[in-house]
Amino acid sequence: MGGPVVLGIESSCDETGAGIVQDGRLLAHVVATSMDEHARFGGVVPEIAARAHLHSFNPVVREALDRAGLRIGQIDAVAVTTGPGLSGALQVGLAGAKSVAYAAGVPLYGVHHLAGHVAADTLEHGPLPDPCVVLIVSGGHTSLLLVRDLVREPILHLGDTLDDAAGECFDKVARILGLPYPGGPAIDRAARGGDAKAVAFPRPLTRPGDDPYAFSFSGLKTAAARWVERHVQRGEEVPVADGAAALQEAVADVLTRKALAACRAYDVKTLIVVGGVAANSRVRALAEKRCASAGIELRVPPMTLCTDNGAMIAAVGDLLVRAGTEPAPLDVSIDPSAPLEYASLNPLARPAARVA
């Protein structure tokens with residue numbers, strides 16, 4: 001017989017995800033997205049996201065169980081994202097996960113969303129090397145981490161973004177270029193017909209004396225906006241493909257340059273790149289090239305596991321269960337702005353303020 005079967009629930013933003021994992025093996029993985037509903041607003045609308053999770057939760061969980069050939073009574077644990085993310089969206093996922101855990105009579109585990117992105121790689125490549133450097137790049141987060149035992153030891157932050165995350169920069173510049181939301185895939189598509197050397201966009205925080213592992217993409221976004229403005233003021237057509245290619249090259253250059261520097265400084269032989277921006281073709285290609293030159297193993301999850309999904313949360317839950325971690329208390333709540341310190345995240349509900 002196999003080990004415990006873990007159902008994972010993800011609802012931190014605009015994807016409702018359910019995944020089922022057993023002994024590090026992915027049994028099922030279903031995602032429903034409300035992205036099309038947000039696209040006309042140019043970004044995620046929290047109320048729309050929360051309502052979409054309400055509509056999608058039960059169908060997504062049922063489909064995941066069906067694909068795995070399981071009944072709810074065959075689930076041994078439930079793991080759910082408890083932060084960070086949109087408050088209303090997280091509340092929907094947690095309420096649903098508590099209901100499933102109660103109905104099945106199984107323990108519940110609170111999981112940090114970013115730890116889920118890290119664990120997603122284990123579903124494709126097996127256990128994480130100890131140690132490894134992890135580059136998380138998504139719409140809301142850009143971080144360099146030193147990871148040892150993901151669920152037993154604290155996660156060391158080497159550097160984080162000081163302002164815009166890489167994915168946020170893509171979204172904002174895509175809007176400036178007249179490209180659709182989400183900006184990352186749109187810029188990736190547009191860049192295929194462009195010249196990455198056509199525009200000399202800056203490489204933020206890469207000069208001597210700068211923090212070697214910190215990120216900043218707000219200035220890059222501004223540089224792209226000024227470049228577009230100059231073309232408009234001169235009455236010229238904006239060469240969108242060139243702008244997209246040059247922006248993508250600048251982001252990929254900064255991300256991979258800093259990640260490789262961290263690997264060298266900490267004598268780490270494996271770099272893991274995760275998060276939605278890990279699906280970007282240029283980020284992947286440049287990481288592969290630079291890792292090969294440096295003799296560093298590169299691990300990147302499949303594109304379907306890079307964006308938000310329940311499989312990655314189930315993967316953390318599976319590791320927590322097998323490590324003998326205590327499950328979440330009954331009054332576990334959410335923390336929309338939780339820092340990444342541990343993979344397990346079990347904030348308690350705060351008592352309501354008394355009215356005088």
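# A guided tour of the predicted model

Begin with the whole chain: 53% of the 356 residues in the protein chain are buried. Buried means under 20% relative accessible area, exposed means over 50%, and partly exposed is in between (1.4 Å probe, protein chains only). This is a predicted model, where local features need pLDDT of at least 70, side-chain atom pairs count only at pLDDT 80 or more, and totals for chains, interfaces and linings use all residues. Residues are numbered from 1 along each chain as its sequence is written, and side-chain values use heavy atoms, with hydrogens and water left out.

## Whole chain

Switch to a cartoon. The protein chain has 12 helices and 10 strands. Helices (H or I, at least four residues) and strands (E, at least two) are DSSP runs, numbered from the N terminus. The radius of gyration of the protein chain is 21 Å, close to the 21 Å from the globule rule for 356 residues, so the chain is as compact as a globular protein of that length. That radius is taken over C-alpha atoms, and the globule rule is 2.2 Å times the number of residues to the power 0.38.

Draw a box along the principal axes. The C-alpha atoms fill roughly 65 × 50 × 45 Å.

Now turn on contacts, meaning heavy atoms within 4.5 Å. Among contacts between residues at least 6 apart in sequence, 73% join residues at least 24 apart.

Show the surface. The protein chain exposes about 15,600 Å², and carbon and sulfur atoms supply 52% of it. The areas come from the Shrake-Rupley method with a 1.4 Å probe; for residues, only the protein chains shown count as cover.

Colour by charge. There are 32 positive and 39 negative side chains, and the centres of the two sets lie 3 Å apart. Lys and Arg count as positive, Asp and Glu as negative; His and the chain ends are not counted. Each charge is placed at NZ of Lys, CZ of Arg, CG of Asp or CD of Glu.

## Backbone stops

Most residues other than glycine have a negative phi, and most peptide bonds are trans. Four stops to check against that follow.

Select Gly 83 and Pro 84. A cis peptide bond joins them, with omega about -15°. Pro 84 sits in the loop between strand S4 (77-83) and helix H3 (87-104).

Go to Tyr 181 and Pro 182. The peptide bond between them is cis, with omega near 0°. Pro 182 belongs to the loop between helix H6 (166-176) and helix H7 (183-191).

Select Asp 23. Its phi is positive, about 50°, although Asp 23 is not a glycine. The residue is in the loop between strand S2 (15-22) and strand S3 (25-33). Asp 23 is partly exposed, at 40% relative accessible area.

Leu 205 comes next. It is not a glycine either, yet its phi is positive, about 55°. Look for it in the loop between H7 and helix H8 (218-233). Leu 205 is partly exposed, at 23% relative accessibility.

## Helix H7

Select residues 183-191. Seven of the nine residues of H7 are buried, which leaves the helix mostly covered. The buried ones are Gly 183, Gly 184, Ala 186, Ile 187, Asp 188, Ala 190 and Ala 191. Their cover includes H6, helix H9 (240-265) and helix H10 (281-294).

## Two residues and their contacts

Select Ile 72, in the loop between helix H2 (46-68) and S4. Ile 72 is partly exposed, with 34% relative accessibility. Leaving aside neighbours within four places in sequence, Ile 72 contacts Leu 65, Val 100 and Ala 104. Add Ala 103: Ile 72 and Ala 103 are 31 residues apart in sequence, but 8.3 Å apart from C-alpha to C-alpha.

Move to Ala 120, in helix H4 (residues 113-120). Ala 120 is buried, at 0% relative accessibility. Not counting residues up to four places away in sequence, Ala 120 touches Pro 301, Leu 305 and Met 312. Measure to Val 316 as well: the residues are 196 apart along the chain, and their C-alpha atoms are separated by 8.3 Å.

## Cysteines

How many disulfides does the structure hold? Zero. A disulfide here is a pair of cysteine sulfur atoms within 2.5 Å.

Select Cys 13. Its closest cysteine sulfur, in Cys 306, is 16 Å away, too far for a bond. Cys 13 is partly exposed, at 22% relative accessibility.

Finish at Cys 132. Cys 132 is in no disulfide, and the nearest cysteine sulfur, that of Cys 263, is 9.0 Å away. Cys 132 is buried, with a relative accessible area of 0%.
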